[in-house]
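Biologist: Please take a close look at one part of this model, the salt bridges. Which residues pair up, and where do the partners lie?

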Amino acid sequence: MQTAKGLSGKVIVFVVVMVGLFVGRTAAAQFERAVSVAGYVAVRGTVVSGVDGEVLAGANVVAVSTWSGTVTGVDGGFELTVLKDGEFEVSYIGFLRQRVKVVEGQEVYRVILEEDNRVDEIVTVGYGVQKKNLVTAAIGRVTARDLTATPTRIEDVLKGRITGVQITPNSGQPGTASIVRVRGTGTINNSDPLFVVDGMPVDGGIDYLDPRDIESVEVLKDAASGAIYGARAANGVILVTTKKGTAGRTNVSYQFSYGLQNPWRKRALLNGREYEEIMNEACYNAGKEPLFDYFSSAGEGTDWQDMLFNRDAAVTNHSASISGGSDKGSYYLSFGVLDQEGIVAKGKSDYQRNNFRINSTYNLFENDRSFFKSVRAGVNAGYTKTDRHGIIENSEFDGALSAAAMYPPNVSVYANQWEEADLAEKYGDMLVRDGGGRMYKVISGGEFVNPLALVAVRNQRAETQRIVGTVWGEADVAKGLVFRSSYATDLTFGEETISSPAYYLSENRLDETPHSEKDMDRRTVWSFENTLRYGVSSGRSNFNFLLGTTTLRDHFTDISEYSMGSVFWRANYNYGERLLAEFVLRGGGSSNFPPDRKRAYFPSVSLGWNIINAGGFSTESFANQLKLRASWGRNGNDKLYPGMAIGRLTNRSIRWDESEQFDAGVDMRFGGLSFTADVFHESTKGMLMKLPVPDFAGNEAAGGDVGSMTNKGMEMEIAYMKETADFGFRIGMNVSHTKNVVEDVGVSAGYIDYATFGTIGVIQRHTTGLPVAHFFGREAIGVFQNENQIRNYRNKDGYVLQPGAKPGDVIFRDVNGDGNIDDGDRTYLGKPVPDWTLGANLALRYKAFDFSMFWQGAFGGQIFDASRRFDLITANYSSYVLGRWHGEGTSYYYPRVVYARQEDNQNSRVSSLDVYNGDYVRLKTFQAGVTLPPDFTRKFLVQNLRLYILAENLFTLTGYHGGDPEIGAGMGVDRGIYPQARTVSVGVSLLF
């Protein structure tokens, strides 16, 4: 009812204003003359932020002479009567108060308020908020202003904006989650951070949220900031706060964007003619007859990637909200619709998301009593429904993109009439056709599959409905004492359908029976929390205490059940906001462990020194902030095997994975210049991981806490901003460095195999003393140019190391020095996790025009190219094979090509030739917009209207030749990655 009244009230006011403008112009003029004669003048204007140029609703505007005043409306506008030659004063929380001198003859004023750097920003911490200048731990933050650039997924917005947080997409397929790492990979088992949305811990990421519903995201990076969630905070904590209404007029907003998506680049492959030339050369090197006529008419052949890509795939985004409130409470309601086509396999990899949110707060009562002075209650609830059609991705066996990379380019898309007639006799309705009835080409024998036919017979759909909500109540029990109780739930209902008709793709890939299967799952998570906060001051000493309990239960489709309970407390002390200290202790128990091992305790301590508050400094001449801080803490991880599993061995001595971290940092601000830096060292002991068991055991491996790992590094962020009436400028950069080492892999062998590729074996390992999931194989050090070089490559005993080699074959290093080239020479070849990550942003504003761009990059990581299976001897090659050795001096890196791997040297063994530099720099977002004049838009009942164009992944600089240098799935192994899309969108944002 309040919403309807607010809207109808606006309409009435608008009608009255219009009547006054068009009917009563003469009367208004007479009134102004009367006011002028009496020594007063009527002024009007707009109050805007000097930070970003946004209008400020609710700012106070007061006539200095009479101290009568008004409040700006939702459009930032005001009208006021003041003395001639007088002044009026404008104020707003967080901004410097400003007095404006009335100028004779001027009726319209644009007042720009500058940010008050003396006012401390409020940041969200575990179970509460703190003034930023009192925070003693490492916390990164982005706000709603940063979340508007990329309206589809929240992870894309966070990428590169917070130091120490690395976000890598599993693929570019719509609806696919990203891998999030806070200060590196913390454990072999599960390094996902803990996500907390409006106080409710959620698993599976936050991709279900509409970014436009989010007010702020805080990342608790060190152990001290996350210790209050200690039981599951070993890998960092990400706190998400959704938007709420504010007291004042009803605000109605609507945002719309429409974009076109395309692959930013495709893998460079051989065309039809080049393919036949290379295959003939491979046959010649193997002593075989050529496969193709040297005067081939294949020409360019078929570009299977082009055939598979869906060019100009559309993405549409609608988002609407209404919010408001009074002294009795506030409300925020929103609704969003996202419809995104995939850029691969039209109609087969689409994503739709519908979301609804309601956040409300109620002031139940307030009085002047000493006890139970006030009671508040609220609800934060969101509903999301997603519908995802997907294709198999990043797979060398069934992936559509890997098939497109390997399928011979000299083959046509469709079978001719004779081929079709020959196969129809035997396979009939099993033959795969397109929508027009044309039969797709089939290569007989082997595992080759026409990529278009492959996606045609696979149908995968996943529908999920999710409700995440919190109901809470809060009471001021006594002076400084606040009790809060909340009940939260996360309900997920999932349904996945996989179907295929009877099909014939090749002799080795056929199915005579149609198949359809449906999986349904139900997950119910609830959490009950109670906290008691108390704050007291004595002189310059300020104390704050928090005591709380939490209980959580997770039930999954009658298969598993998990529960945990914790008690925690936190004590904060500051002396005149100069000396700062915080102590945290959390004790938790998890059902994932045996009864006598289920409980653990997680302490932390952090200290800070606000030098600027110590006296002797002038904030105007020196700095606004200068703070040193240090912290130590211990957090836990219980993510191993929730519940029970049939056939799994048990380990009765298993216990928590524990992580200790030390952090030291500095925060500085000099006017518009801010700087933050941290160094950290994290040590994880007792890593939860599978223990190896002999094959004859016949059971799945048990879990054990046997390994250890360290991550250490530094983070730095610097930014500068300058704002004037017509011009605004912001520039910032952040950089982080992390070094990861598996100190003890937990088994006597000193290593655990992590990943394999096709039929050639292990390509990644966890090894004591090396980074996690490092690439593993032989080291190639060149290419033999002639027989003499082969004969001279000898061991210390004078024996030729590679007697089976021929000119053009790979030279492998004798790593262990035993005089033989064998499996013992396999070694470290690189790592998938980069050493350095960076982000840089630039934003400009000139009057009604705005412009921004954001860059991100990663350096020091490698990529394993697994796009070509060597057992498929006629598979296509990437175009780099054109630089192969084909005569002395033609190449010192890529070896000769040999058909059917018939070379004694085994050039295709896993080696450093498969590992490439994964460095990249990417222009992640580029945006330009214009805000139309309010005097014009108000004629159409619109208070603020902004038009913009947004480009994502517009430019990428990388030395990697594959489809995308960002490869989260498979830890840096490119098995035919689904590339991220280059998207260009246009949009409009309206405020009514």
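Modeller: What follows describes the salt bridges, after a short view of the whole chain.

This is a predicted model, in which local features need pLDDT of at least 70, side-chain atom pairs count only at pLDDT 80 or more, and totals for chains, interfaces and linings use all residues. Residues are numbered from 1 along each chain as its sequence is written, and side-chain values use heavy atoms, with hydrogens and water left out.

The chain has 11 helices and 49 strands; these are DSSP runs numbered from the N terminus, with at least four residues of H or I for a helix and at least two of E for a strand. Of its 992 residues, 52% are buried. Buried means under 20% relative accessible area, exposed means over 50%, and partly exposed is in between, using a 1.4 Å probe and protein chains only. Among contacts (heavy atoms within 4.5 Å) between residues at least 6 apart in sequence, 69% join residues at least 24 apart.

Now the salt bridges. The term stands for a side-chain nitrogen of Lys or Arg within 4 Å of a carboxyl oxygen of Asp or Glu. A search of the whole structure gives 50 of them.

One of these joins aspartate 865 to arginine 267, with the closest N and O atoms 3.4 Å apart. This pair links distant parts of the chain, 598 residues apart: aspartate 865 is in strand S44 (residues 862-865), while arginine 267 is in the loop between strand S17 (248-263) and helix H5 (272-285). Both aspartate 865 and arginine 267 are buried.

In another pair, glutamate 495 meets lysine 518, and the closest N and O atoms are 3.6 Å apart. Glutamate 495 belongs to strand S23 (residues 481-500) and lysine 518 to strand S26 (residues 515-538), so the salt bridge ties together parts 23 residues apart in sequence. Glutamate 495 has a relative accessible area of 29% and is partly exposed.

A further salt bridge is formed by the side chains of arginine 813 and glutamate 779, at 3.1 Å from N to O. Here both partners are in loops, 34 residues apart: arginine 813 between strand S40 (810-812) and strand S41 (827-830), glutamate 779 between strand S38 (774-777) and strand S39 (780-783). Arginine 813 is partly exposed at 38% relative accessibility, and glutamate 779 is partly exposed at 27%.

Salt bridges also link Arg183, Lys221, Lys627, Arg629, Asp663, Asp667, Asp678 and Glu715 in a network.
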